[in-house]
Amino acid sequence: MINFYYDRIVDGVTIPNGIPENFVKYYNPFFNYPLFREEVGFEPAVYPSDIRQHGLTEISVDSIDKNEKEFLGYYTIEGFGSARNAMICYLQEAFILDDIIHSIHNNTKKLNIQNSIVIVNDYLVDKRYKDWCKQVGETPRFKTIVFCHSLYEKSNEIYELLRNHEIYQMASDYEQHKSSAMSLDDFKDTKSTLRKNTILSMNRRQREHRLATLCVLNHYGLLKGNGVSYQLTFDGPTTPYYVDWVIKDQNKYKKYYEDYRELKEMKYQWVDYPIAMEAKDGVHHGYGWENKQPYLDSYLNITTETDFINPTGYASEKVWKPFGFFQPILLVGNYGTLEFVRSFGFKTFDGFIDESYDKEKDNVKRFELIEKEIIKFSKMSKQEVHDWYWSMEDILVHNFNLFMEYGKNRQQNYKNLFEELK
């Protein structure tokens, strides 16, 4: 049995620790993030994490005797995005940057907090933290646990969709949307027909590596009229041509600038739901926003991860989702991500795709290797792509079946985490 302690339990509902009194109304009786955004005017820094959905004993801190010396349980700080002021945190969604790691270390030292645990979806966090401690002559103050929340939650969502159970409720603007997932029969039924598109690549919110990828796709004829979504004004003014940390070669930099100008003229392109590109209420679309049709219409998933430049090891739902839709991936993300993916039993596509990019730590060189694969793919005919895709059928089926197993056993993965916390 593990006890989790909370500052406030209101009408039986646990309020995440660290929430100001005047913000409690947004978390009770459920987390009302649209109301939060509407009244406060900015994105919440704390989302109630999924760790609180799994039958733990939740107790008020008021029950702890001030003279208690024994370990009783955990005081959690649940972060979404930033943990700069956290002592114990469970980061289910955002990658954890080095300055956040350093802040947690320094805060626990300043407050003399011992035996903290950082649970995070970042496979490089332990190495980065220990390397930094060695570099600055510090003794590590907290333990790290890598918990791949994105795999367990995304696989469970798609597993439930195939059982006709939609587990996410969207905001009122999205009432007409209904999620869908691809079955094994759906997959096999497309074997004799050429698909509409060659690639699928979702790039709704721009980052430097996504913009660089879009420019390459456009230059080699893979963007217009294909399964590529993007939006250059998602966060306000038009995204500038900021690819300096990905493309260093000046000739390429100038060449792809012409493609950037074309992207600006196009404004945006969508492949699933146009309302998703409008970003009316800031709803996070990583979960509860599935549509099988773009996957049935395409072959290769060019997956642009959340991060590429920072030395993080964050594997979001984006890298796992193609396995649930029978697609191979060309990953524009951090080094070592594919190795991390294989550690869960999934098969990647070396031999069909040159995956040497996954071992390259240098961002510029890694992107050059990815660029070469995009260029090779652009030279293939639709029939060649179709034959190439079906030659890896056994890998696609293996990955789908394993993905479904993770989705079916979501609860057990949390139990395994709790065993580690005991």
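**Salt bridges, unusual bonds and buried residues**

Visitor: Which side chain meets the side chain of arginine 261 in a salt bridge?
Guide: A salt bridge here is a side-chain nitrogen of Lys or Arg within 4 Å of a carboxyl oxygen of Asp or Glu. For arginine 261, the N to O distance is 3.6 Å. The partner sits 3 residues apart from arginine 261 in helix H7 (residues 250-266), so about one helical turn separates the two. That partner is glutamate 258.

Visitor: What kind of model is this?
Guide: Residues are numbered from 1 along each chain as its sequence is written, and side-chain values use heavy atoms, leaving out hydrogens and water. Local features need pLDDT of at least 70, side-chain atom pairs count only at pLDDT 80 or more, totals for chains, interfaces and linings use all residues, and the model itself is predicted.

Visitor: How many helices and strands are there in the chain?
Guide: Both are DSSP runs numbered from the N terminus, where helices (H or I) need at least four residues and strands (E) at least two. Counted this way, the chain has 15 helices and 14 strands.

Visitor: Is arginine 261 buried, partly exposed or exposed?
Guide: Buried means under 20% relative accessible area, exposed means over 50%, and partly exposed lies in between (1.4 Å probe, protein chains only). The relative accessibility of arginine 261 is 45%, and its partner glutamate 258 has 41%. Because of its value, arginine 261 counts as partly exposed.

Visitor: How many residues apart in sequence are the parts tied together by lysine 191 and glutamate 393?
Guide: These two residues form a salt bridge, with their closest N and O atoms 2.8 Å apart. Lysine 191 lies in the loop between H5 and strand S10 (199-203), while glutamate 393 is in helix H14 (residues 393-408), so the pair ties together parts whose separation in sequence is 202 residues.

Visitor: Which residue forms a salt bridge with glutamate 39?
Guide: The N to O distance in this pair is 3.0 Å, and the partner of glutamate 39 is lysine 25. Glutamate 39 is in helix H1 and lysine 25 in the loop between S3 and H1, 14 residues apart. With 43% relative accessible area, glutamate 39 is partly exposed, and at 48% so is its partner, lysine 25.

Visitor: How many salt bridges does a search of the whole structure find?
Guide: Some of them join up: Lys154, Glu157, Glu290 and Lys321 are linked in a network. For the whole structure, the number found is 21.

Visitor: Where is the proline that follows a cis peptide bond?
Guide: The peptide bond from asparagine 28 to proline 29 is cis, with omega near 5 degrees. Proline 29 is found in the loop between strand S3 (13-15) and helix H1 (33-40).

Visitor: Is phenylalanine 326 buried or exposed?
Guide: Phenylalanine 326 lies in the loop between helix H10 (317-320) and strand S14 (329-332). Although phenylalanine 326 is not a glycine, its phi is positive, about 60 degrees. Its relative accessibility is 0%, so phenylalanine 326 counts as buried.

Visitor: What is the relative accessible area of asparagine 164?
Guide: Asparagine 164, in the loop between helix H4 (149-161) and helix H5 (184-188), is not a glycine either, yet has a positive phi of about 65 degrees. Asparagine 164 is exposed, because its relative accessible area is 76%.
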